[in-house]
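Biologist: I should like a close look at one interface between chains in this model. Please describe how the two partners are related and what each contributes, and set a second pair of chains beside it.

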Amino acid sequence: MIHDADDAITRDGKLLILAYDHGLEHGPVDFEPNPETADPERVFELATHDAVTALAVQKGVAEAYYPYYESDVSLLLKINGTSNLWMGEPDSAVNCSVEYAADLGADAIGFTLYGGSNHEIEMAEEFRDAQEDAREHDMGVVMWSYPRGQGLKNDTSPDTIAYAARQGLELGADVAKVKYPGSAAAMAEAVRMAGPTKVVMSGGSKTDDRSFLETVESAIDAGAKGLAVGRNVFQRENPVQLLDALEGVIFEELPAAEALEQAGGDPETAAE
Amino acid sequence: MIHDADDAITRDGKLLILAYDHGLEHGPVDFEPNPETADPERVFELATHDAVTALAVQKGVAEAYYPYYESDVSLLLKINGTSNLWMGEPDSAVNCSVEYAADLGADAIGFTLYGGSNHEIEMAEEFRDAQEDAREHDMGVVMWSYPRGQGLKNDTSPDTIAYAARQGLELGADVAKVKYPGSAAAMAEAVRMAGPTKVVMSGGSKTDDRSFLETVESAIDAGAKGLAVGRNVFQRENPVQLLDALEGVIFEELPAAEALEQAGGDPETAAE
Amino acid sequence: MIHDADDAITRDGKLLILAYDHGLEHGPVDFEPNPETADPERVFELATHDAVTALAVQKGVAEAYYPYYESDVSLLLKINGTSNLWMGEPDSAVNCSVEYAADLGADAIGFTLYGGSNHEIEMAEEFRDAQEDAREHDMGVVMWSYPRGQGLKNDTSPDTIAYAARQGLELGADVAKVKYPGSAAAMAEAVRMAGPTKVVMSGGSKTDDRSFLETVESAIDAGAKGLAVGRNVFQRENPVQLLDALEGVIFEELPAAEALEQAGGDPETAAE
Amino acid sequence: MIHDADDAITRDGKLLILAYDHGLEHGPVDFEPNPETADPERVFELATHDAVTALAVQKGVAEAYYPYYESDVSLLLKINGTSNLWMGEPDSAVNCSVEYAADLGADAIGFTLYGGSNHEIEMAEEFRDAQEDAREHDMGVVMWSYPRGQGLKNDTSPDTIAYAARQGLELGADVAKVKYPGSAAAMAEAVRMAGPTKVVMSGGSKTDDRSFLETVESAIDAGAKGLAVGRNVFQRENPVQLLDALEGVIFEELPAAEALEQAGGDPETAAE
Amino acid sequence: MIHDADDAITRDGKLLILAYDHGLEHGPVDFEPNPETADPERVFELATHDAVTALAVQKGVAEAYYPYYESDVSLLLKINGTSNLWMGEPDSAVNCSVEYAADLGADAIGFTLYGGSNHEIEMAEEFRDAQEDAREHDMGVVMWSYPRGQGLKNDTSPDTIAYAARQGLELGADVAKVKYPGSAAAMAEAVRMAGPTKVVMSGGSKTDDRSFLETVESAIDAGAKGLAVGRNVFQRENPVQLLDALEGVIFEELPAAEALEQAGGDPETAAE
């Protein structure tokens, strides 16, 4: 973790990462609820929203679309990832070199580490190279710190998430993206373990607006520096409204209900 | 995927790839129906046909014959491949470096990825290197995106082919070669998933002229940008006639029957 | 082992290494007895104590904190390590390159070797590279020589620890950190086996002040050149007092009781 | 396959390779029938025979003897090979780099590929590097194309040998050394599959003069470009006589009986 | 094998290698019969004896002591080796790069090859690199050729030792160190198989003076060029006397009894 290394993907020290690597990691099934979400252009447009501090995509999507959005979107190139056709122990192919990410104009790299997998050691060594190469190119480093595999019984328990956050600090990530550990107290503990490494909450599968925003609010209250969100934004009918509300919760630290109302949503019921 | 990176192997943005790697992938058995097809020269001659936008061969065949066809044929060097003597989980040896492909005059590289194989991660990392090296040499990148192996139950289901096409986009291929997923609707979905990455249909084993052309027509109607064909051309008595007809279907977007008639074939019955 | 290669992390030829890689190796659980110990800054402050000749941390912690302590603390960068989420045969990921350690200002590198593990050979070859790279950067080399894994029945038996110490000499470590083998005689034998490679005792889990200091005294009497200590310092209420006492035992070669009394502790009973 | 790349090891486009890697591949047992054959010098002397177009040896033998034979013998350095102490799936260590082979004065490299072995892919990738490095040093490339291992039931069946020959062409060998597939017709088919890649027959274990020469004659008639022979020459009482006869069969295309008679042998009965 | 490449570690074309890698390979147990033998300095002193043509040690021991003996001792750096804590199939970690060995002032490198191990191929490829790197630095190459592992039933049978010696020649060693195969005739056969590669006998575990010297005499008579000896020298009360006697047997080709008497030993009975 190097102070200010993540400047290009933060706003007032906080992050709202729009993640769009589902086409690789989950496949077309993630686009079924809203077929037009298969089109990366739609997501690049969303990423121009003021609330979004970085867009996380794989190499091929960046190659095709980022040339048209370089001035409006900060690129967080997710350099590893694997299809869910893969049936082996959790692992992730390094699909893009850091140098190539830099050539594509990336402001930061994203890297998944599956702590506890029997590929953990190999992945940690790949992370070493990626992290050090990123330093050479003055790019920030975001770790998707996701304990998973043979060593794990429960991959969202408070202890596991606290450990995941600490791995981010120990191994040199500027930002650690972790699952929500089920409570604000557990999130606070993860944040404490990460020290100066910023913790961002992973959005997870889609829920209704209000409960999603409340979870984000509780994470921010617990010291998280933001959110990495995919399906909870791009699968919605009105993703811009939700981004407006997230802007309120994350950057203005408004209560979820107030932020949602201000964004034009209905704070009493789920928006969809 | 980089716009125009595949210019040298397309015509009006479409492709007709003549594939001739069967001697390695399947062995001499593929030449038995028509023994003279074992002779690469015969296929290089076919590749000079106006309809053919690229010829896909392995390194050794390119070394021996391409010097005589450089001005008439666009070379798509298939840089990985494996004999079918191999009994292991699907995998493919990288038989040619990208630099050597460039030295041989290749316009693009071809690379097989077996998504779902327990070698998927290793192959994806080899693809990364190949793709990035190809960018350095201004060569296009064609992915043979063929899910296969321990993770797959059905390697031509619509879902699988749609995922295969999306992998082409996500990982940075300019063109994704996929199996025909059984219907025009399924092909359209695969095309949609690939976004700006061009999808070409894989020819498969030999069928009669009319039904083969109709499948190609349906793929083109579904948005596919062309065809990669081997046995369905080179095993025929009159491969030139079929190439004439394919030119009609792919580049002039004629109905299969009309294209076949125009090429001098009998649209009512199978040509052989 | 090169004479004087470890000058920057010794004082009068002896060492007191404050080790703080528990966040990676053991996880947050090691901070539970004293929650504020999760904060690296607290340990960096302790490391400014005159008795501490080097602070051992992982890359990420060094990146974040060492810039503020460069003039007051000698950095022993622990370049490999693994989370205890890992369930495989003992192994350790190389998390930091030697060159990057040098860029961070490290005075020496630390490296774990699990002799007897079925990863021993791979780890020994990684150690080779690390050791030779360290020589190029004039950094000392400390081996955490910890036999463990399929080849070991008892990893703290006198024979095992003697062998561990010898591995340090044979493979080129300047300092070998070994577990206490249970008696002063066994420690003396380990010291003898290491020849000119300095042996330091590993602190282990927390015990009371008096008995801890007596073990250190016996190790020093047996020829050990010092101590690497983590939990036995940072988990205490009054770690400075213990560091004062350790200074007496290690550098002034005082009896444990006298050193403890001089440090203001109660030599009759355990301090906590 | 590059035209003329094998000029230095051919005569009128044909080859008689004297192979002497038995000391590594089979061990001392191959020298028992004629103990003095253990002495490489004896074989280097034989290699000065006009009929011999190249001598195939391993690195160590070339290092020790080739300096004295550089002007009289063409060196085909066999860069991979394995002892028969090896009990694993067929594989072959790369014992010599191509650059070192070039330094030793080699005119060509020899490389074994075990198609169908579960090491086939790794070997094919090693072959890629070797072949491309050989091109940089203007050396010819001879593939010992020997399907063997888990994928093979019968490693000398006509189909297998035809496939082996084709692998030579597809992967870029100038010459493919294959086992005799049992008949002239099968050899002709293998030759046809290899296209411009020259096929040479592998000599195999020792038989009598007449039948050996007849097999060679039938292979030449079938289009093979020569022979790689070891035991059938060096284990004989009068190896020069057999080389004289082989010269007749291979380069003058004489019938076996006539060539044997001309060489002073007894065409009616076996010579030994 | 290159003529004169081993000049720096031979005397009149013969070798007496004092081997002292037991601290790594066997551990402290080898020093128990004579505890002071754990001290490398004692062995370096012995290595200044005129009879000793090279001292074989691991990297760490060379680093610490060789600077003081450079002018009096020829250094044979043993670049691979493994502790006997290792329980896997025979293998040996490459603990020192050839370049670093050269920096340490080594005159030659030593390398263990376990023919028949399921790591044979990997080790042979590591040997290739080491051997070629040694050539670049004008260092001799000594192979510890020790068939062992899954492929071996009897690792000191005459056939095995003859094969081991031949591997030394084929793979490019200047000197092959082999176990004594049980008889002078078997040793002569091993020597014959190695051709110009010098064969030295491995000393093995300690026996009495007379019988040890007689075995050495018989090996020399059989054509061996010397001896590599460790425990049979350094475990003795009077190692200098034995070195005197070995000088007689190896370099003056005296009978064992005469050499022992001349050295002041008792030729009738065992010295200890």
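Modeller: The account below takes up the chosen pair of chains and then the second pair. The model is predicted, so to speak of local features requires pLDDT of at least 70 and side-chain atom pairs count only at pLDDT 80 or more, while totals for chains, interfaces and linings use all residues. Residues are numbered from 1 along each chain as its sequence is written, chains are lettered from A and ligands numbered from 1 in the order in which they are written, and side-chain values use heavy atoms, with hydrogens and water left out.

The interface chosen is that of chain C and chain E. Chain C is superposed on chain E by a rotation of 72° with 0.0 Å of shift along the axis, at an RMSD of 0.0 Å (a least-squares fit on the C-alpha atoms of residues with pLDDT of at least 70 in both copies). This is the relation of a five-fold axis. Within chain C, the C-alpha nearest that axis belongs to C:Glu122, at 11 Å.

As to extent, 31 residues of chain C and 36 residues of chain E take part in the contact (heavy atoms within 4.5 Å). Between chain C and chain E about 2700 Å² is buried, and carbon and sulfur atoms give 57% of this area (the accessible area, with a 1.4 Å probe, that two parts lose on being put together, summed over both). On the side of chain C, the three residues C:Ile121, C:Tyr163 and C:Glu170 supply 27% of the area buried against chain E, more than any other three residues.

The polar side of the interface can be described in turn. Two salt bridges are found across the interface of chain C and chain E (a side-chain nitrogen of Lys or Arg within 4 Å of a carboxyl oxygen of Asp or Glu). E:Glu63 forms a salt bridge with C:Arg135, and the closest N and O atoms of this pair are 2.9 Å apart. Across the interface of chain C and chain E there are also 17 residue pairs in polar contact, both residues at pLDDT 80 or more (a pair of N or O atoms within 3.5 Å, where within protein one must be able to donate a hydrogen and the other to accept it, and residues adjacent in sequence count only if both atoms are side-chain atoms).

On the side of chain C that touches chain E, helix 5 (120-136), helix 6 (158-171) and helix 7 (184-194) of chain C each supply at least two residues (helices are DSSP runs of H or I, at least four residues, numbered from the N terminus). Helix 5 of chain C gives the largest share of that side, eight residues.

The second pair is chain D and chain B. A turn of 72° with a shift of 0.0 Å along the axis lays chain D on chain B with an RMSD of 0.0 Å. D:Glu122 has the C-alpha nearest the axis in chain D, 11 Å from it. Here 30 residues come from chain D and 36 residues from chain B, and the buried area is about 2700 Å², with 57% given by carbon and sulfur atoms. D:Ile121, D:Tyr163 and D:Glu170 lose the most area to chain B, together 27% of what the side of chain D buries. Between chain D and chain B there are two salt bridges, and B:Glu63 forms a salt bridge with D:Arg135, with the closest N and O atoms 2.9 Å apart. Helix 5 of chain D gives the most to the side of chain D that touches chain B, with eight residues.
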